[in-house]
Amino acid sequence: MSLSFNPDTLTIPSGHHIGGSFVDLPGEEIAVLRPSDAQPMGVIRDGGQAAVDLAVTAAKTALASSGWARMNPRDRARALFRFAEKIEEKAEYLGRLEAAGSSRLVAGTITGDAVRTAGVVRYFAEYCDKLEGIVTTTKAATLSYTRREPYGIAGAIVPWNFPMITAAWKFAPALAAGNAVVMKTSELTPHSLLALAECAAEAELPGGLLNVVNGWGHTTGAAIVAHPAIGIVSFTGSTATGAAVMSLAAQSGIKPVVLELGGKSPQIVTRNPGDMDAVATRVANGFMVNAGQVCTLASRLIVDSAISDELIDRVIAKTKAVKAGPTWDETTTFAPVISARQFDRIDALVQETVKQGAEVLTGATRLEGPNEGNFYAPTVLAKVSRDNVGFSEEYFGPVMSVTTYDDIEQAIAEAQHPTYGLSASVHTQDLKLAMKVADAVEAGMVWVNQHGRDPEFTYAAGGWKGSGFGKDMGRAGIEEFTRQKAVWINYL
């Protein structure tokens, strides 16, 4: 069966989703365009403080009436299992919404993004009765223990590049830990998250536990961060915005934040990487996936000089083989940039990089597609010095720089970045060398013989330095949404 579809036939959610149902509120209209052809997807309104206040009230009411935080944890798990089943039931619709409204290709949104979103919910549902405390050693006739408890209401602000999955990384562990959630969509890709909230309502999750509001970052997003009733905020986005979130949270009553931010991730290819064509495919996919709109994008290739010419030629050949097209066509292999504004930002940064001395090996221009979408050609640059803006700044587009090395210590030194430390990878058949690189590179995630996360849920995602702190996914991902209480009992 073909996955391709006509985006004009989709039912588009409208309004905020608060208290278990769609709610229309006054506010500035924000037009949402389909990235593939710049045609209208729908209109949302900036909710601002009013929407956030309403969502917080709904969250408080739901926590009180349902006893969500204090119920038998297996009952909480059963509710989340129903939610996951509803997501799977509506995977085709959710996947089509995601594809039409974002840069995600339908070849991966139905069987990939939607199904994995259900998997995230199911994974954290299993954690409901596995949040353990510890008993500490004390003097006689006393008992000292710690326990994990929810914050109450968790705020979440998600980006546009992987709308459903990134949202699930936040709302699923927060709910499993016993919190209610107030989440802001990206104004560029709101609709699949609104549909997920409706799935929760249809699965009979108590209304008000998962609230999804629309709006701008500086209005609705800021209202979430600053709201005194929201106990923790999880944010994924740029490093600059993450700093603003952290500052506002501190100014608004001191609350913890979890930040997954930008990156300039290196991939090191050693002299003996294995099958060269397979390596070239991994390297090319590392910077072209989702048109480069990935936080962990492999934007810096560091390759042994003995194999650099062959590898670069093979990678460039891979860039020429992509098929740009609408995200709702299952034969499309290369996605559009999310918006004209983002396209212009990528191109301006590339042109400045070249102006400062970089050499264009391929790309650095618009890629003509079959419609009005903004497609940026896969771009490979050489001679990007460490004082070049192309080294220091994140493109967030399909752009990769190439550097060669003769000694692995040189490669490790080149891999370190003064600002970012999100992820890194190494391609090699030498396990000892792989471990040496993994130990030495300053990054929160390191992959060997691949670049990017597998669709697994067990290992934590997060960065070092300017790439943020705190973790999504894994045990750490749910523990972020709990706070520890120490109890001391003297029973003499």
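In which sense do β5 and β6 pair, and over how many bridges? The two strands pair in the antiparallel sense, over three bridges. Keep in mind that this is a predicted model.

Start with that pair. β5 and β6 form a hairpin, with five residues between the strands. Ala141 sits in the turn and has a positive phi of about 65°. One bridge links Thr136 to Ser144, its partner in β6.

Now widen the view. The hairpin belongs to an open sheet of three strands, in the order β5-β6-β22. The pairing is antiparallel. β5 (134-136) and β22 (482-490) stand at the edges, and each has a single partner strand, so one side of each is left without a neighbour in the sheet. Neighbouring strands here are turned by 25° against each other on average, direction ignored.

Look next at the other pairing of β6. This strand covers residues 142-150 and pairs with β22 in the antiparallel sense over nine bridges. Thr142 has Asn490 as its bridge partner in β22. Ser144 has Trp488 as its bridge partner in β22. Ser144 is also the partner of Thr136.

Stay in strand β6 and find Thr146. Is Thr146 buried or exposed? The cut-off for buried is under 20% relative accessible area. Thr146 has 17% relative accessibility, so this residue counts as buried. Leaving aside neighbours within four places in sequence, Thr146 is in contact with Gly133, Ile134, Gln484, Lys485 and Ala486. Take Ala486 from that list. Thr146 and Ala486 are 340 residues apart along the chain, yet their C-alpha atoms are separated by 4.3 Å.

Leave the sheet and turn to the nonpolar cores. In soluble globular proteins, nonpolar side chains tend to be buried together. The largest nonpolar core here has 101 residues. Those with the most contacts inside this core are Leu80, Phe83, Phe124, Phe171 and Leu205. Helix α5 (residues 163-176) gives the core its largest share, 10 residues. What does Leu205 touch, leaving aside its neighbours within four places in sequence? Leu205 is in contact with Trp68, Ala79, Leu80, Leu175, Ala200 and Leu210. A second core is separate and has 27 residues. Phe162, Met288, Leu301 and Met400 are among them.

The aromatic rings come next. A pair of aromatic rings is described by the distance of the centres and the angle of the planes. The model has seven aromatic pairs, counting rings whose centres lie within 6.5 Å. Consider Tyr123 and Tyr127. Their ring centres are 5.5 Å apart and their planes stand at 75°, so the pair is edge-to-face. Both of these tyrosines, Tyr123 and Tyr127, are buried. They also belong to one aromatic cluster, formed by Tyr123, Phe124, Tyr127 and Phe457. Phe124 has appeared before, among the residues with the most contacts inside the largest nonpolar core.

Finally, look for arginines placed over rings. Arg366 lies over the face of Phe343, at 4.1 Å from the ring centre. Arg453 lies over the face of Tyr459, at 4.4 Å from the ring centre.

Methods: Residues numbered from 1 in each chain as written. Predicted model: local features only at pLDDT ≥ 70, side-chain atom pairs only at ≥ 80, totals over all residues. Heavy atoms only, no water. Phe/Tyr/Trp six-rings, centres within 6.5 Å; stacked < 30°, edge-to-face > 60°. Buried < 20%, exposed > 50% of the residue type's maximum accessible area, 1.4 Å probe, protein only. Lys NZ or Arg CZ within 6 Å of the ring centre and 35° of its normal. Core = buried A, V, L, I, M, F, W, Y, C linked by side-chain atoms within 4.5 Å. Helix = DSSP H or I, 4+ residues; strand = E, 2+ residues; numbered from the N terminus. Contact = heavy atoms within 4.5 Å. Pairing = 2+ DSSP bridges. Axes fitted to C-alpha atoms, helices over the stretch in contact; angles between N-to-C directions.
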